[in-house]
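Hi,

Here is the structure I promised to pass on. Have a look at it first, and my notes follow underneath.

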Amino acid sequence: MNLLEKINLLKKDAENTSPEIVPTVVSWTETSDTVSRHFQFQPDGQLFVKVLNDSRPVIHKLSESFVNTFFPSGYPYSVNEGYLRYTQFRALQHFSSAALSVLSTQSLLFAAGLRPTPAQATAVSWVLKDGMQHVGKLICSNLGARMDSEPKRWRIFADVLYDVGTGLEVLSPLCPQLFLEMAGLGNFAKGMATVAARATRLPIYSSFAKEGNLSDLYAKGEAISTVFNVIGLGAGIQLVSTVCSSMQGKIVVGSFLSAVHVYSTYEEMRSAPINTLNPQRTAMIIEDFLKTGKVSGPADLRFREDLFFPGRIIKGAGNVKVGRNLRKVMKPSRLKQLKEILPDENFVLNFGNTSTDLVLEQNASGEDALRGWLVAAYANREVETIEEAYEKMNTVMPTLLSELRAKGWHTDRFLDGTGSRYGF
């Protein structure tokens, strides 16, 4: 036997004697008072769960299945306060909206002299959607910065616009000679409403995401929307064949559904604890901090927000106004003087008779806005010089910032909408 044959023989012996590696399977059983489950990890990493024993009443099984379908995993501990209330009114809003859309579609078909067949409804919707509705979407898309700053206000505005559009469609049979104009304006309003509603959806869902579960929140929210849209469509079909068969019935029921729709959206938005800083929320934080020495969280301020007129000046927060052009606020000589007093800050202040203008530098963050707001509030409240107010702000700022972050506020940015900023 030559050397090469000996080497090959040794290799074969080594292969035959090597131990065979058997993949391990990890499994365990978890047992509670009423449920016993067997868990098993497969070698490929997949987890299988098998219910061994479940002695719970049927109603408990159904309720758990309902929660798992329509609520995020880990509910209620995985979301912030107010999510259940938000979900309840969201369901009511989708129900009333879907029922209202059936009334408007039927009215459009009658106004056009068409019988309500699915093919004709599709043709009418297609022509109008590709026309005025897209114009409305384009116009509303330019308002994105305002929606970031005040998503609640714009969400309500979106549903009001939607109801205006559907109202025009419902009333179109009263003036069939103006069918195209009314249907076009209706779709124009609904196009703007669509953009505003979609653009504000992410900030609202983000306010509830407590464990980074934004996708789960969105998916469950869409599940609720789908179910109640279908129920609303069924109710709408029933209404148009009974109490809404006449124009008077449509006006009465349509007005009622529209009121329910807007009210539900309003209560939805009041439930959402938005945790980003904008002018109104910053003013309320500063006001509470100066009055009580405590920092209010997003859930504390949600019911106090003015959703219709958010730009009001709050006296207890220094009468601060944000967003005016720098050239309209102060003269160059005054700007130079202020920058000498506060050379390292990303804001300037101008104290007027009735209000104080706060103008932020282009890259100013939420922390910069808070610093400027505090200086203005101290200077107005205690009639101190700006230098004394600045020193007092520096004293309390570390405590304020740490408590804000502990409460869940995002201080890395300040959403002032289309407010003007300066840059050198």
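**The largest pocket**

Twenty-six residues, that is 26, line the largest pocket, and those nearest its centre are His94, Ser97, Arg155, Ala197 and Arg201. A pocket here is an open set of points on a 1 Å grid over the protein atoms alone, with protein on both sides within 12 Å along at least five of seven lines, and lining residues have an atom within 4 Å of a point. Two or more lining residues come from each of α3 (83-111), α6 (151-171), α7 (179-199), α8 (201-208), α9 (214-240) and α10. Helices are DSSP runs of H or I with at least four residues, strands are runs of E with at least two, and both are numbered from the N terminus.

Before going on, a word on the model: it is a predicted one, so please keep in mind that local features need pLDDT of at least 70 and side-chain atom pairs count only at pLDDT 80 or more, while totals for chains, interfaces and linings use all residues. Residues are numbered from 1 along each chain as its sequence is written, and side-chain values use heavy atoms, with hydrogens and water left out.Back to the pocket: its volume is about 610 Å³, where a volume is the space filled by probe spheres set on the grid points, which are joined across faces, edges and corners. The biggest contributor to the lining is α3, with seven residues. By class, the lining has nine nonpolar, nine polar and eight charged residues. Nonpolar covers Ala, Val, Leu, Ile, Met, Phe, Trp, Tyr, Cys and Pro, charged covers Asp, Glu, Lys and Arg, and the others, Gly among them, are polar.

**The second pocket and the cavity**

The second largest pocket has a volume of about 500 Å³. It has 23 lining residues, and Pro279, Pro310, Gly311, Val322 and Asp416 are the closest to its centre. The elements giving two or more residues to this lining are α5 (144-149), α6, α11 (279-292) and β5 (320-322). Sorted by class, the second lining holds ten nonpolar, seven polar and six charged residues.

There is also one cavity of 30 Å³ or more, a cavity being a set of grid points where a 1.4 Å probe fits but cannot get out. Its volume is about 30 Å³. The residues around this cavity are Leu338, Lys339, Leu342, Phe347, Val348, Leu349 and Ile386. β6 (347-351) and α14 (332-341) each supply at least two of them, and β6 gives the most, with three. Six of the lining residues are nonpolar, none is polar and one is charged.

**A few residues to click on**

Start with threonine 265, in helix α10 (residues 247-271). Its relative accessible area is 0%, so it is buried (under 20% is buried, over 50% exposed, and in between partly exposed, with a 1.4 Å probe and protein chains only). Its side chain makes a polar contact of 2.2 Å with the side chain of aspartate 159. A polar contact is a pair of N or O atoms within 3.5 Å; within protein, one must be able to donate a hydrogen and the other to accept it, and residues adjacent in sequence count only if both atoms are side-chain atoms. Leaving out residues up to four places away in sequence, threonine 265 touches Gln93, Arg155, Ile156 and Asp159, with contact meaning heavy atoms within 4.5 Å.

Glutamate 305 sits in the loop between α12 (298-301) and β5. Buried or exposed? Glutamate 305 is buried, at 7% relative accessible area. Its side chain and that of lysine 152 are joined by a polar contact of 3.0 Å. Beyond its neighbours within four places in sequence, glutamate 305 is in contact with Lys152, Gln280, Arg281 and Met284.

Asparagine 319 is in the loop between α12 and β5. It has a positive phi of about 55 degrees, although it is not a glycine. Most residues other than glycine have a negative phi. At 21% relative accessibility, asparagine 319 counts as partly exposed.

Serine 78 lies in the loop between α2 (58-70) and α3, and at 0% relative accessibility it is buried. Serine 78 and glycine 212 are 134 residues apart in sequence, with their C-alpha atoms 8.9 Å apart in space.

**The chain as a whole**

The chain has 16 helices and eight strands, and 43% of its 424 residues count as buried. Of the contacts with a separation of 6 or more, 69% are between residues 24 or more positions apart.

Happy to talk it through whenever suits.
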